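Hi everyone, thanks for coming. I'd like to walk you through one protein model today, so have a look at the picture first.

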Amino acid sequence: MFTESVVGVSAEPVVELFVAQTPGPADRTLLVIHGGPDWDHTYLREPLAELAGRHRVVLADLRGCGRSTRGLGDGQYTPAAATADLVALLDAFGTPRIDVLGFSYGGLIAQRLVLAAPERVRRLVIASSSVLPVPPDAFDGWHEREERRAPEAAVWSDSSLSGPELTRAAAVAGAGANVWRPEALPAYLDRLADAHFSGEWMRSWKAGGLPTARHTDAAQRLAALGIPLLLLHGRQDMIFPVALVDETTRVIPSARAVVIEEAGHMAHVDQPRAWLDAVAGFLS
């Protein structure tokens with residue numbers, strides 16, 4: 001189903017991105033940007049693989065992630081650099097205009113990509129992420145969230161772990177917070193077992209040198225561009241609050257929202273059919 005390759009996107013420093021793509025028409029290309037950032041793209045392959053044939057689905061590991069170039073200096077892992085890599089990837093594919101889906105942290109990078117090269121993007125899906133900043137009190141009073149997120153917090157405070165081992169352990173410990181439905185957990189843990197985690201971006205983050213991926217005026221700029229935007233969110237998302245979805249549609253006239261019930265941050269795992277139907281309907 002997926003063809004895998006490595007694509008050069010930068011000469012200084014040398015950066016190659018690991019890319020997986022499905023068959024499909026070039027003029028119906030969907031670029032998928034994963035979250036983390038120290039994850040890879042593989043946890044997003046399903047259910048997006050079902051779009052193959054109707055769309056060319058392209059999933060790339062960001063620099064420092066998965067099977068893309070690692071070992072760069074700390075200052076080379078920035079949202080701006082990751083965005084420039086993706087613009088170069090579009091050039092390498094020779095695709096004039098594409099659709100973009102950004103998931104979680106990848107949703108912030110996707111917004112940067114649109115703002116950097118608006119003429120290259122036809123439609124934008126922001127999945128399990130946000131355009132507006134998350135208020136500090138967004139989750140106040142949600143006690144179940146505190147309970148579900150406690151295991152991951154304990155992992156991050158464990159000084160015996162570092163690098164990819166820390167990223168993986170945190171992902172596994174956070175599974176119960178990111179997936180809402182207990183019956184969906186075993187399959188999600190299987191995905192995490194096969195994922196290629198890294199710790200490259202973590203070094204800059206721990207040193208306090210990782211710039212924010214969020215544009216302070218993203219909402220206003222996206223509204224001015226008028227690019228069709230889908231906000232795709234799980235009702236029980238514990239990372240990005242669902243309350244921001246309706247607020248964003250009021251700020252951006254070209255935006256519409258689909259909120260999936262009984263779904264957490266990994267809404268594509270909790271409710272894969274509803275999630276995929278929303279994406280497919282928006283891109284059609």
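I'll talk about the salt bridges, then a charged patch, and then two buried residues.

One thing before we start: this is a predicted model. Keep that in mind whenever I quote a distance or a percentage.

Okay, salt bridges. The basic idea is that side chains of opposite charge can pair when their charged atoms come close. How many salt bridges does the count come to here? The count comes to 13, and I'll pick out a few of them.

Let's begin with R45 and E4. They form a salt bridge, and their closest N and O atoms are 2.9 Å apart. This pair links distant parts of the chain, with the two positions 41 residues apart: R45 belongs to helix 1, residues 45-48, while E4 belongs to strand 1, residues 3-11. So which partner is buried, and which is partly exposed? R45 has a relative accessible area of 16%, and buried means under 20%, so R45 counts as buried. E4 comes out at 41% relative accessibility, so E4 is partly exposed.

Now compare that with a pair inside a helix. R149 and E152 meet through their side chains in a salt bridge, at 3.9 Å from N to O. Why are they separated by about one helical turn? Because R149 and E152 sit three residues apart in helix 4. Again, look at how covered each partner is. R149 has a relative accessible area of 26%, which means it is partly exposed. E152 is at 14%, so E152 is buried.

Helix 8 has a pair of this kind too. R203 and E200 form a salt bridge, with 3.2 Å between the closest N and O atoms. Both are in helix 8, residues 200-206, and they are three residues apart, about one turn of the helix. R203 is partly exposed, because its relative accessible area is 34%. E200 is buried, with just 11%.

And salt bridges don't have to come as isolated pairs. Which residues are linked in a network of salt bridges? Those are E50, R273 and D277.

Next, the surface. There is a patch of negative charge there, where D137, D140, E146 and E147 gather. Let me zoom in on one member, E146. You'll find E146 in helix 4, which covers residues 143-156. Its relative accessibility is 48%, so E146 counts as partly exposed.

Last stop: two buried residues. The first one I want to show is A171, in helix 5, residues 163-173. A171 has 3% relative accessibility, so it counts as buried. What is A171 in contact with, once we leave aside its neighbours within four places in sequence? The answer is W39, L192 and F197. Here's a distance you can check on screen as well: A171 and R181 are 10 residues apart along the chain, and their C-alpha atoms are separated by 16 Å.

The other one is T248, which lies in helix 10, residues 243-251. Its relative accessible area is 2%, so T248 is buried. If we again skip the neighbours within four places in sequence, T248 is in contact with V131, L132 and L231.

That's my tour. If you'd like to try one yourself, find R45 and E4 on the screen and look at the salt bridge they form. Thanks for listening!

Notes: Residues numbered from 1 in each chain as written. Predicted model: local features only at pLDDT ≥ 70, side-chain atom pairs only at ≥ 80, totals over all residues. Heavy atoms only, no water. Patch = residues over 30% accessible without salt bridge, like charges linked within 9 Å, V, L, I, M, F, W, Y side chains within 5 Å. Areas by Shrake-Rupley, 256 points an atom, 1.4 Å probe, with all protein chains shown as cover. Salt bridge = Lys/Arg side-chain N within 4 Å of Asp/Glu carboxyl O. Lys, Arg positive; Asp, Glu negative; His and termini not counted. Charge placed at Lys NZ, Arg CZ, Asp CG, Glu CD. Helix = DSSP H or I, 4+ residues; strand = E, 2+ residues; numbered from the N terminus. Buried < 20%, exposed > 50% of the residue type's maximum accessible area, 1.4 Å probe, protein only. Contact = heavy atoms within 4.5 Å.
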